[in-house]
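I opened this structure to look up how its strands pair and where one residue sits. My notes are below.

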Amino acid sequence: GYEMDKNQRIRELVATQAQSGYYGSLTGQILQNILLRGSLLVPDKISDANPGMLNIVAQSKNIGPISLSGNYYKRNLGSLGEAFDMNGAIASVRLGYQLYPFVIVGVEYLRTFAKNKDGGYSFVDQTSPFVALNLAF
């Protein structure tokens, strides 16, 4: 049968090595129409074995029933110079239309990047429709 070790997570946390570094988050607006949010996590001894991460989000004010947002996410930063080199990054753009006060339909475009052997990048593109519920609690 299946037996759960309730103390396993506690043992893992006790054995964890302390790490220090910097975490920053910044939010701002451009012309009161575009909201930008970004966060950066940088360990003190950043390396491929101890990587950092970057996330940038942009969101426009709704123009009538239309909304637009974008996201850039990069993890496994071996150095700060790798933040925008696109290898392993994920970028997305989402366009939505508010069909009803609580229903949004739209399309999302997703692009992932992978470095080729020749040093260039290959892209994997996805476009998919979505339906979202917009509920206020």
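These entries cover confidence, strand pairing and one serine.

**Basis.** I am reading a predicted model, in which local features need pLDDT of at least 70, side-chain atom pairs count only at pLDDT 80 or more, and totals for chains, interfaces and linings use all residues. Residues are numbered from 1 along each chain as its sequence is written, and side-chain values use heavy atoms, with hydrogens and water left out.

**Confidence.** I checked pLDDT, the predictor's confidence in each residue from 0 to 100. The chain has a mean of 84, and 92% of its residues reach 70 or more. Confidence is lowest in helix α1 (residues 8–15), with a mean of 72, and highest in β5, at 93. Helices (H or I, at least four residues) and strands (E, at least two) are DSSP runs, numbered from the N terminus. Where pLDDT is low, the predicted coordinates should not be read in detail.

**Pairing.** Two strands pair if DSSP finds at least two bridges between them. I found β4 (residues 66–77) antiparallel to β5 (residues 90–100), joined by eight bridges. Opposite I66 stands Y97 of β5. On to β6 (residues 103–115): β5 pairs with β6 over 10 bridges, also in the antiparallel sense. G96 has G106 in β6 as its bridge partner. Two residues form the hairpin link from β5 to β6.

**S92.** Is S92 buried or exposed? S92 lies in strand β5 and counts as buried because its relative accessibility is 15%; buried means under 20% relative accessible area, exposed over 50%, partly exposed in between (1.4 Å probe, protein chains only). Leaving out residues up to four places away in sequence, I listed its contacts as S69, G70, N71, E108, Y109 and L110, where contact means heavy atoms within 4.5 Å.
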